[in-house]
Amino acid sequence: MGYSFSAIYFEATRLCNLRCPVCMTGSNNVETVRESRKRELDLDEIREQVLIPGKKLQVKAVGWSGGEFLLRKDAFDLLRLTVDLGYKCNICSNCEILDREMLERIKEATRGKVSIAVGLNSIDEDNDWSRNAESQRTLEVLEMCRELRLDRHVIITIGKYNTESFEKTVEYLRKRRISYNRAPLVGRGSGSEYFNREGFSRQDLEEKFHPALRSSVNGYVSYTPFFLSPELHEQVSGGRRNGTVPQNPPIGCWVGNWLTLNAEGDLSVCPVMLDELNAGNVRDKPLDQLVNESEIFAALTDRSRLKGRCGRCRYQYTCGGCRAMAYYHSGDYLEEDPTCFFDPVDKNTVSEHEEETNRLFRKYLIVARHAGFYERPKREDSPKPGANSPRCES
Ligand code: SF4
């Protein structure tokens, strides 16, 4: 069996119309952007080297990001191409140029098969510390999406700056049934200047972020630590996985479930590790070939290789630990996630939060199905209890 990935996340330009202090893509650095623009992949290269090869890797969705993706002159051609090739389409935008007319054009170009993802670190003025964007403007775009019946999603970059506001932010989103995921502040781009001071700690995660994350299905898209019973995931997924990384739906850490590219065509395993972990460039080889020959992908789709607490944990597969936190704190992407507050003795140690996670995960399947990341297994796909369990591989 070859690889199968759920999504491609593509930072297709570093060009941006904002100057966010904590920009992890280098978009607030004029020299970085100028150099990148000379080497940006064009539409033909994206089609031939990324999107067509992506079908061989069974990718379902393509997320267009930046910089500000919509500043690309060929943005709408890329959106049409994405849908024509049978992908579900996501657009990550900073909202600056998103008005009703633009949203209607997006809806038309994608034939409605699109989700609009926006960055919002806090719903009040605290947002401004990390983002050069008014939260009010972002909330207006989310409301316009609702009126136009466009799927919407929010990305919240978490750090010390939003420990106090996080619960309020997710409560606001939960009430409006808006899905969200947390992304960790890391030492990429100008995040490097802030990572030591503003990166969240194990205590922040345990006391502030995790209680809010685990209490609502809207945020089950991806976070760690994720205390989902491996038996339950195996039962509902039909045992589907990429190597040992659970799929249908993807959960916990998404490394091993998605492919990420920067504007110049460098391949990596996670958006926040772009520019740091390089698995080759699609100008040299098409995407599927790069992935199939990559040592990094071979290692990270085999969670039996995880070290420390993650390597002796009941949730080694269904959580996997945030690989970015492991990498930025230790330099080793297979190390334990040092921000996790769970201390398993061995694989028999069960988290006090497993029952709650299992209960809400069953509800999350409805959200995941709607987003195109979950389908009920056919009867013949369903594994016999305990059979083919990733736990047996370690
Ligand atoms: S020890 Fe690692 S795998 Fe286990 S819950 Fe914590 S982060 Fe997840």
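Which residues come nearest to the ligand? In this predicted model, the ligand is surrounded by 14 residues, and those that come nearest are C310, C313, C319, G321 and C340. Sorted by class, the shell around the ligand holds seven nonpolar, four polar and three charged residues.

With the ligand site introduced, the chain as a whole can be considered. A compact globule of 394 residues would have a radius of gyration near 21 Å, and the chain agrees with this, as its own value is 20 Å. The C-alpha trace spans about 55 × 45 × 40 Å along its principal axes. Of the 394 residues, 50% count as buried. Contacts across the sequence are well represented: among the contacts with a separation of 6 or more, 75% are made by residues 24 or more positions apart.

The secondary structure consists of 15 helices and ten strands. Eight strands form an open sheet with mixed pairing, and a reader following the sheet across would meet them in the order β6-β5-β4-β3-β2-β1-β9-β10. The edges are taken by β6 (179-184) and β10 (267-268); each has a single partner strand, so one side of each is left without a neighbour in the sheet. Strands of a sheet pair through backbone hydrogen bonds, either parallel or antiparallel. The partner of the edge strand β6 is β5 (residues 151-158), and these two run parallel, joined by six bridges. Within this pair, I158 stands opposite P184 in β6.

Helix packing offers another view of the fold. Two packed helices are described by the angle between their axes and the distance between the axes. For helix α3 (residues 75-84) and helix α4 (residues 100-109), the axes come within 9 Å and cross at roughly 35 degrees. On the α3 side, F76, L79 and R80 take part, and they meet R105, I106 and A109 in α4. This contact comprises four nonpolar and two charged residues, with no polar ones.

A last stop is H353, which is found in the loop between α14 (323-330) and α15 (354-370). Is this residue buried, partly exposed or exposed? H353 counts as partly exposed because it has 17 C-beta neighbours inside 10 Å, whereas a buried residue would need 20 or more. Leaving aside neighbours within four places in sequence, H353 is in contact with R214 and F227. The C-alpha atoms of H353 and P211 are separated by 9.7 Å, although the two residues are 142 residues apart along the chain.

Conventions: Residues numbered from 1 in each chain as written. Predicted model: local features only at pLDDT ≥ 70, side-chain atom pairs only at ≥ 80, totals over all residues. Near = placed C-beta within 6 Å. Nonpolar A, V, L, I, M, F, W, Y, C, P; charged D, E, K, R; others polar. Helix = DSSP H or I, 4+ residues; strand = E, 2+ residues; numbered from the N terminus. Rg over C-alpha atoms; globule rule 2.2 N^0.38 Å. Buried ≥ 20, exposed ≤ 12 C-beta atoms within 10 Å, placed from the backbone. Contact = placed C-beta atoms within 7 Å. Pairing = 2+ DSSP bridges. Axes fitted to C-alpha atoms, helices over the stretch in contact; angles between N-to-C directions.
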